[in-house]
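I open this notebook to record what I looked up in one model, entry by entry. The entries begin with a strand pairing and move outward from there.

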Amino acid sequence: MATNKDSEIPVNQSDNTKLAHLEPYKEEAAGEFMNTNHGVRINDDQNSLKSGERGSSLLEDFILREKITHFDHERIPERVVHARGSGAHGVFKVYESLSSITKANFLLDPSLETPVFVRFSTVAGSRGSTDLARDVRGFAVKFYTQEGNFDLVGNNMPVFFIQDAIKFPDLVHAVKPEPDNEIPQAASAHDTFWDFISLMPESAHMIMWVMSDRAIPRSYRMMEGFGVHTFRLINAQGESNFVKFHWKPLLGVHSVAWDEAQKISGKDPDFHRRDLWDAIESGNFPEWELGIQVVPEADEHKFDFDLLDSTKIIPEELVPVQRIGKMTLNRNPDNFFAETEQVAFHIGHVVPGIDFTNDPLLQGRLFSYTDTQLIRLGGPNFQEIPINRPVVSVHNNQRDGYMRQTINRGKVSYSPNSLGDGAPYQAKAQEGGYTSYPEKIEARKVRARSKSFLDHFSQARLFFNSQSDPEKNHIIDALSFELGKVKTVAIRERMLGILSLIDKSLASGVGYALGLTVPQQPEQPINHSFPADADPNDYQPVMTEGKLTTSAALSMANTPKDSIKTRKIAFLAADGVNEKSLNAVKSALTDAGAVVEIIAPHQGFIISENDTQIAVDYSFLNAASVLYDAVYVPGGTNSVASIEAEADAVHFLNEAFRHCKPIAADSSAMQVIEATYFSSKLPADFSDKNVLREGVVISESASELADKFILAIAMHRFWEREKPRKVPS
Ligand code: HDE
């Protein structure tokens, strides 16, 4: 069983009540005979029953019929959004009781370990699409609490494209492949998406996030998560506070470069899935802290944005994020379909102590999630699928339907009843019965948008202004890429109008790449989405400046950069390698938690200069720099000569440089660096010994090299290399 060295959470997984609940459903074939679904042992699974050796197959072959029929029905509809995903089991523990703000049991007792199942996903692509699409990532957590399931169905971005659920089908139709030719797969870089976005200025803030590097994470393990909507926490006294949920990854927030993302999509479209799986298998359990921003009921209107508007964040400078507990993912699923595919999340799965607000996006989601499971999982009993069952037993008067598993005993399936002594009984609030927060409502029935929702640009600007220069450049590059793929020039122009309302330099940067002039005044009106009878002016964005000009939490440049745990480092070596420096650097890196892989001209073994065998992990044919975080070239005369002569090895280094990754080489391997495109771009004093410049380390001493290399790897990327000295790759 895996052990978790660095977490205080015990990994005795038999303590995990949910895993114990799943146990009876598991099947193992080891040592067993093969039999039919009806239990009859099978004598021949290789040949169908025929009328003679060369005769036709017989209808009576129940073994053939059963096998083929089951196979014919193996597929279920994929999720209409978030089809591509990966899941894992884990546990959550609160640090201290939150009884002052909530009565939710799993947030009260620091000794209580609540099982969780988490599914990460992309949004637009189909089930088999690449992990590295530029896209939002789903971050859905099912807490199996003692009071029933609580699902926190969030994303890795804290805002959303639209303000009202009624626009969701339009948004999804626009971003999915175009309906006439089903192109492009898992990409927003096409006309229908940008057509819709350019007419919906409320998406401006979300567009900044999706065009930022947050949309191309290095790993699911290195993403933040957000509940997006404002929820309510309710304490035992019935008092309500507004709350926003956050997940903060302990490994920091990191991304890849866009050029790299596109190449990973070809080299390893399962990159994120594999990364999550491998990390958990090797005992490197991913961890996140759960954070909350709490706003007292009385402060509902104190902000210059509306708490019910999902296109807005509460800046952390205004309401700090309190870290209240930790989630650790410590077990891979046994079966992808049974668990990851069949898990059904629902924002409406709440427990006493957690309640909703009137956010119109949240309200629409409350309908959608059960409805979609009915078609996807085929009927009203999907909650009986093992992964979806709560860890508490279920007693109510719901009955029957396709695939019912529960055998409800007795005559009574109604309430009130006297024949069953009135059971199952309603629970009082003190007995854990769910009561909704009695929010006061006094209103007319209207179809309308609140005026407090009409500031679409100030937080988009806040986000852009809060980015480092490389991050700003990446947003400009991403928009130039996406809009460059849009064929309709009028859409590009309309988007430039929107961008100019966020930031002039942003708009002019994108305009330059597109060869278009930024319109002086955006086309009027810029919001084309208003009711038929309304005065369009009532729906136009309100141009205001927010109270803050920047917020440090919005920039990934400010993420912790203190660890190289689980980073993948490539060592490029061949026969004749200097084994001493290879081993010294390897053990320094692995001691610091990194994963080292040796890449050589061929698989099997290489022979070091001291005639020892060193196992090779991959050849240049199977490996690529885009699959690694950093690269090191050890010395050794013959090895260095072979690596220098290997075009794929030189390409490996060029590409790593282009993607701003740390590169290290022994001084005696300098000729390999000199064979690269970028050696001429390095500072003049570069061949000096013991230099660390812009993430490139050359050293005579393996231990000094390792120290500097570790610092460089922890920095993740040296983006400042990027602009002035582009390197082909
Ligand atoms: Fe979802 N969303 N969504 N969504 N969503 C689904 O439910 C929907 C929204 C999110 O790993 C569907 O079971 C509507 C915001 C995640 O299984 C569906 C609206 C956020 C997942 C659905 C939204 C999300 C889904 C499709 C606008 C972040 C994947 C399959 C009102 C807070 C869960 C399914 C998993 C999945 C509807 C907007 C997160 C159709 C109508 C905002 C992480 O029910």
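**Entry: a bridge between two strands.** I began with Val-118, whose bridge partner in β3 is Val-141. The model is a predicted one, and I read every entry below in that light. The two strands concerned, β2 and β3, run antiparallel and are joined by seven bridges.

**Entry: the other neighbour of β3.** I then followed β3 to β4 and found eight bridges, again with the strands antiparallel. Tyr-144 has Asn-149 in β4 as its bridge partner. The connection from β3 to β4 is a hairpin of two residues.

**Entry: the covering of β3.** Is β3 enclosed or open to the outside? I found nine of its nine residues buried, so the rest of the structure largely encloses the strand. I checked the two faces separately. In a regular strand, side chains point alternately to one face of the sheet and the other. On one side of β3 I listed Arg-137, Phe-139, Val-141, Phe-143 and Thr-145, and on the other Gly-138, Ala-140, Lys-142 and Tyr-144; all are buried.

**Entry: the ligand shell.** I next asked which residues are closest to the ligand. The shell holds 25 residues, and the closest are Arg-79, His-82, Gly-138, Ala-165 and Val-228. Gly-138 had already appeared in my list of buried residues in β3. Four elements each supply at least two residues of the shell: β2 (114-122), β3 (137-145), β4 (148-155) and α9 (360-376). The largest share, six residues, comes from α9. By character, I counted 12 nonpolar, 10 polar and three charged residues in the shell.

**Entry: the annotated span.** The unreviewed UniProt entry carries the annotation "domain: Catalase core" for residues 35-423. In the model, this span is 20% helix and 19% strand, and its end C-alpha atoms lie 41 Å apart.

**Entry: cis peptide bonds.** I noted a cis bond between Ile-183 and Pro-184, with omega about -5°. Pro-184 sits in the loop between α3 (168-175) and α4 (191-199). I noted another cis bond from Ala-423 to Pro-424, with omega near -5°. Pro-424 belongs to the loop between α9 and α10 (458-465).

**Entry: positive phi outside glycine.** Ala-186 is not a glycine, yet its phi is positive, about 50°. The residue is in the loop between α3 and α4, and it counts as buried because 24 C-beta neighbours lie inside 10 Å. Asp-611, also not a glycine, has a positive phi of about 70°. Asp-611 lies in the loop between β13 (605-607) and β14 (613-615). Is Asp-611 buried or exposed? With 8 C-beta neighbours inside 10 Å, Asp-611 counts as exposed.

**Entry: strand β11 and its partners.** I turned to β11 (residues 568-572), where four of the five residues are buried. The strand pairs in parallel with β12 (residues 595-600) over five bridges. With helix α14 (residues 579-591) between them in the list, β11 and β12 make a right-handed β-α-β unit. β11 is also joined to β16 (residues 630-633), in parallel, by three bridges. Ala-570 faces both partners: it stands opposite Glu-597 in β12 and opposite Val-631 in β16.

**Entry: two contacts across the chain.** I looked up Leu-653, which lies in helix α16 (residues 647-658). This residue is buried, with 28 other C-beta atoms within 10 Å. Its C-alpha atom is separated by 9.4 Å from that of Val-633, 20 residues apart along the chain. I then looked up Gly-546, in the loop between α13 (504-514) and β11. Gly-546 is buried, with 20 other C-beta atoms within 10 Å. Gly-546 and Phe-303 are 243 residues apart in sequence, yet 9.6 Å apart in space, C-alpha to C-alpha.

**Entry: the whole protein.** I closed with the overall figures. The protein has 18 helices and 19 strands, and buried residues make up 43% of its 729 residues. The C-alpha atoms fill a box of roughly 90 × 80 × 60 Å along the principal axes. The radius of gyration is 29 Å, which agrees with the value near 27 Å for a compact globule of 729 residues.

Terms used: Residues are numbered from 1 along each chain as its sequence is written. A residue is near a molecule or strand if its C-beta atom, placed from the backbone, lies within 6 Å of it. Ala, Val, Leu, Ile, Met, Phe, Trp, Tyr, Cys and Pro count as nonpolar, Asp, Glu, Lys and Arg as charged, and the others, Gly among them, as polar. A residue is buried if 20 or more other C-beta atoms lie within 10 Å of its own, exposed if 12 or fewer, and partly exposed in between; C-beta atoms are placed from the backbone. Two strands pair if DSSP finds at least two bridges between them. A crossover is right-handed if, with the strands pointing away from the viewer, the path from the first strand over the helix to the second runs clockwise. UniProt positions are given in the numbering used here, feature names are shortened, and annotations may be inferred rather than shown by experiment. The radius of gyration is taken over C-alpha atoms; the globule rule is 2.2 Å times the number of residues to the power 0.38.
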